[in-house]
Amino acid sequence: MRYLFVLLPAFLTGCDAVRQGLDRAPDAEPAQATEAAAATAEVEATPVAAVNTGWAGAKTTIAGLGDPNKPGRWLETPLVETEINGRVVVPKTGAQAYITLVPAPSGGSRLSVEAMRALLVPFDELVELDVYSN
């Protein structure tokens, strides 16, 4: 029992030191948590590009010749809000081409020279197209 009275103060002093160490550890964690929250806020604040997955089935549009100075196979159309890949089909002939669908600044659809060549349609006419996304 005598040893108990001698060891008890030493034991309680050790517990107090451990408790103070635990009190300091949570102070360090909020700083780390604040940094982590700031990094998470930065990631959440960055704008995410809108993903346009397209649509199912065909949409119909009438297109004319677009800017002949722009290279590539593309269709400027109001059917899309972001640039996506698609396929166009001429219902009269069945000719088809894989192209890039680009949002149109105005209400009409315009087809590139390369796409018109691939579809075998005349440059000086309006052509009816079935447009498929992806």
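Let's start at a spot that is easy to miss: S112 is buried, with a relative accessible area of 0%. Keep in mind as we go that this is a predicted model. S112 sits in the loop between β5 and α2. Leaving out residues up to four places away in sequence, S112 touches G72, R73 and W74. What does the side chain of S112 reach with its polar atom? A polar atom of that side chain lies 2.9 Å from the backbone oxygen of G72.

One of those contacts, W74, is a good next stop. W74 belongs to strand β2, and with a relative accessibility of 7% it counts as buried. Setting aside neighbours within four places in sequence, W74 is in contact with G66, D67, I99, T100, V102, R110, L111, S112 and A115. Take I99 from that list: W74 and I99 are 25 residues apart in sequence, yet their C-alpha atoms are 5.2 Å apart in space. The side chain of W74 also has backbone oxygens to look at. It reaches the backbone oxygen of K70 at 3.5 Å, and the backbone oxygen of P71 lies 3.4 Å from a polar atom of the W74 side chain.

K70 brings us to the charged residues. How many salt bridges does the structure hold? There are two. In one of them, the side chains of K70 and E76 meet with an N to O distance of 2.7 Å. In the other, R110 pairs with E76, and the closest N and O atoms are 2.8 Å apart. R110 lies in strand β5 (residues 109-111) and E76 in strand β2 (residues 74-77), so this pair ties together parts that are 34 residues apart in sequence. K70, E76 and R110 are thus named together as a network of salt bridges. The three residues can also be described by their accessibility. E76 counts as buried at 8% relative accessibility. K70 is partly exposed, with a relative accessible area of 39%, and R110 counts as partly exposed at 22%.

Now step back to the whole chain. The protein chain has two helices and six strands, and read along the sequence they follow the pattern α-β-β-β-β-β-α-β. Of its 134 residues, 25% count as buried. The chain exposes about 9,400 Å², and carbon and sulfur atoms supply 59% of that area. How do the contacts spread along the sequence? Among contacts between residues at least 6 apart in sequence, 70% join residues at least 24 apart.

With that overview in hand, look inside. In soluble globular proteins, nonpolar side chains tend to be buried together. Here the largest nonpolar core has 18 residues, and those with the most contacts inside it are L75, V88, I99, L101, L111, L119 and L129. Which elements supply at least two residues each? They are β3 (84-89), β4 (96-103), α2 (113-119) and β6 (127-133). V88 is a handy place from which to view these surroundings. Not counting residues up to four places away in sequence, V88 touches L75, A95, Q96, A97, I99, L119, D130 and V131.

D130, from that list, makes an interesting contrast with E76. D130 lies in strand β6, and it is buried yet has no salt bridge. The nearest side chain of opposite charge belongs to R87, 8.6 Å away; a salt bridge needs the nitrogen and the carboxyl oxygen within 4 Å, so this pair does not qualify. What does the side chain of D130 make a polar contact with? Its partner is the side chain of T60, at 3.2 Å. T60 also appears among the residues that D130 touches beyond four places in sequence, which are A58, K59, T60, R87, V88, V89 and P91.

Our last stop is a backbone detail. Most residues other than glycine have a negative phi. L120, which is not a glycine, has a positive phi of about 55 degrees. L120 is placed in the loop between α2 and β6. Is L120 buried or exposed? L120 is exposed, with a relative accessible area of 73%.

Methods
Residues are numbered from 1 along each chain as its sequence is written. This is a predicted model: local features need pLDDT of at least 70, side-chain atom pairs count only at pLDDT 80 or more; totals for chains, interfaces and linings use all residues. Side-chain values use heavy atoms; hydrogens and water are left out. Buried means under 20% relative accessible area, exposed over 50%, partly exposed in between (1.4 Å probe, protein chains only). Helices (H or I, at least four residues) and strands (E, at least two) are DSSP runs, numbered from the N terminus. A nonpolar core is a set of buried Ala, Val, Leu, Ile, Met, Phe, Trp, Tyr and Cys residues joined through side-chain atoms within 4.5 Å. Contact means heavy atoms within 4.5 Å. Lys and Arg count as positive and Asp and Glu as negative; His and the chain ends are not counted. A polar contact is a pair of N or O atoms within 3.5 Å; within protein, one must be able to donate a hydrogen and the other to accept it, and residues adjacent in sequence count only if both atoms are side-chain atoms. Accessible areas come from the Shrake-Rupley method with a 1.4 Å probe; for residues, only the protein chains shown count as cover.
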